[in-house]
Amino acid sequence: LSLPSSMHLIQVDSVQRWMEDLKLMTDCECMCILQSKPISTEKDEQNELTLSSQYGTCDNLQLLLKRAWIISTELTRIAQKLEKNRWQRVHSMTVRINCHVRSMINEYNTFTRNSSEEMHQFEKLLIDKCSEFTAFTERCIQTEDEEILKSMKSCVNETLTTIAQYFGQLIELVLTHEAQNLLRQIELLDSVYVTESAISSLFSLTQEGAHLCRIIAKEGGVVTLFKICRQDCFRCLYPQTLRTLASICCVEEGMHQLEKVDGILCLADILTDNSHSEATHAEAAAVIAQITSPHLTFTQHLSSFLENMEEIVTALVKLCQEASSGEVFLLASAALANITFFDTMACEILLQLNAMKILLAACSDKRLVDTPYSRDQVVTILANMSVLDQCASEIIQGNGIQLLMEMLFEKSSSGNSAEVAACERVQQKSAVTLARLSRDPEVAEAAVKLSCIPCLIKLCRSPTERNNSDSVLVACLAALRRLAVMSPNGLEDSDFQQLVKPRLVDSFLLCTNMEESFV
């Protein structure tokens, strides 16, 4: 059974989900009774206007997506019940699907005015196939012969697959149509209010998953939004526009579009223009962070980024230094952290700009660096910069060894999984940075004086201190071994015999109490 990839589960409390769906479910039963026939056959323009103005475009699309999510879920459940031969349940769910599909189509046609002929064709195909499906399953529940039911099952499966395909194609057409409408509104460059409303609705669509971002990118969304970013009369919309661009550029199609319209140059111009607001600079930094993310596999074509990298990095360092809030600092530092992965030349530029000193100073300001996420960005930059020999003196002057040791024991205050993962990254990268920097005797000596060796031993021997992370353990063992070479007298014999002398793999197994072989 193939279901449309555009559906994505909205993570909410189950009771809240039921409350939201309840209205749709009851509407569905009403539609079943009325057989989707309008109460009045006359074209009552006043009534139509009232219906369409009851919700904004964004609300209508959310309603459509919720209805589509219910249909998608129901189709999956029908397939599951069919596998178990629960024909009575299959039939009742088929009736429900029929109602939901008709309700969704009627709701959509209520607020849209210019749907295409192709959409109407798919609507008819889907409604007809759903009616056929309902009639077919009704015959199934009236049959008790197992052999006949067995032969009918393949036909039911085939019909279900066809409905899923028609449904997926219709949703794709609807979402494409709505994206086109919104982009058309933006391209009119009419009033600030109309443009702002369209951009807001477009941003809401991007939050529904990567598939919608691909649709928007394919329809020229990146090109349209950069037109806004190149017009001074829409400066007040820059933050919102850039935020939408950052969302679209999470997909390859968005990145290709950005390259075609010289988006990097536009972002560089915005970042280096001091007349823009901090909010605009922060959102431009967010776009940079998105397009340089090391998790993306399609950044190789960003050749124009290298041409503008120095001025972008300079502007981002300045934004870190002058940030008025933790959120602004996080966006700017995240962009810098990603750039240090993107190209090694960035580390040399950062060194020339005294970025190390600025970042270390920011870490002592709780107003700016107040979460593990911010510290993760800072320590990422320090870890990538630490490959340069010149960094050692900068670290010592900025009290960086002390900071790295504090980060070794990063703990989550909330306990949620995302924050715990960020804490593990901070711990691991702190240990990696210490290991890299400790090749310099001066740094190693400073680390030993600050009791870094006992701290690393504690992390190696206590799983709770390292958030039960194996990657943190490996990094701490590597850092400990580097410091042991520089200061062999700093370890007790048992620690040396267990954590330094054996192969790294053997020490790892000892610390994790693993009995099986490690490959």
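Which residues in H17 meet which residues in H18? This tour of a predicted model answers that question at its second stop, after a view of the whole chain.

**Whole protein**

Begin with the entire protein selected. The secondary structure consists of 26 helices and zero strands. Of the 519 residues, 50% are buried. Colouring by solvent exposure shows a surface of about 24,700 Å², of which carbon and sulfur atoms supply 51%. If a contact map is available, consider the contacts between residues at least 6 apart in sequence: 75% of these join residues at least 24 apart.

**Asn354, H17 and H18**

Select Asn354, in the loop between helix H16 (345-352) and H17. Asn354 is not a glycine, yet its phi is positive, near 60 degrees. With a relative accessible area of 39%, Asn354 is partly exposed, because that class covers values between 20% and 50%.

Next, select residues 355-363, which form helix H17, together with residues 372-385, which form helix H18. The two helices pack at an angle of about 150 degrees, and their axes are 11 Å apart. H17 is therefore roughly antiparallel to H18, since angles over 145 degrees are placed in that class. The crossing of this pair is left-handed.

Now display the side chains at the contact. From H17 come Met356, Leu359, Leu360 and Cys363, and they meet Val378, Ile381, Leu382 and Met385 of H18. Classified by residue type, this contact of H17 with H18 comprises eight nonpolar residues, with no polar and no charged ones.

**Asp262, H12 and H13**

Move to Asp262, located in the loop between helix H11 (252-260) and H12. Asp262 also is not a glycine and has a positive phi, here about 55 degrees. Its relative accessibility is 45%, so Asp262 counts as partly exposed.

Then select helix H12 (residues 263-272) and helix H13 (residues 278-291). Their packing angle is about 145 degrees, with 9 Å between the axes. H12 passes H13 in a left-handed crossing.

To inspect the contact, show Ile264, Leu267, Ile270 and Leu271 on the H12 side. On the H13 side, show Thr280, His281, Ala284, Ala285, Val287, Ile288 and Ile291. The contact of H12 with H13 contains nine nonpolar and two polar residues, and no charged residues.

**Closing view**

Finally, display both helix pairs together. The crossing of H17 and H18 is left-handed, and H12 likewise crosses H13 in a left-handed manner. Neither the contact of H17 with H18 nor that of H12 with H13 includes a charged residue.

Key:
Residues are numbered from 1 along each chain as its sequence is written. This is a predicted model: local features need pLDDT of at least 70, side-chain atom pairs count only at pLDDT 80 or more; totals for chains, interfaces and linings use all residues. Side-chain values use heavy atoms; hydrogens and water are left out. Axes are lines fitted to C-alpha atoms, for helices over the stretch in contact, and angles run from 0 to 180 degrees between N-to-C directions. Helices (H or I, at least four residues) and strands (E, at least two) are DSSP runs, numbered from the N terminus. Angles under 35 degrees count as roughly parallel, over 145 as roughly antiparallel, 65 to 115 as roughly perpendicular and the rest as oblique. A crossing is left-handed if the near helix is turned anticlockwise from the far one by less than a right angle, and right-handed if clockwise. Contact means heavy atoms within 4.5 Å. Ala, Val, Leu, Ile, Met, Phe, Trp, Tyr, Cys and Pro count as nonpolar, Asp, Glu, Lys and Arg as charged, and the others, Gly among them, as polar. Buried means under 20% relative accessible area, exposed over 50%, partly exposed in between (1.4 Å probe, protein chains only). Accessible areas come from the Shrake-Rupley method with a 1.4 Å probe; for residues, only the protein chains shown count as cover.
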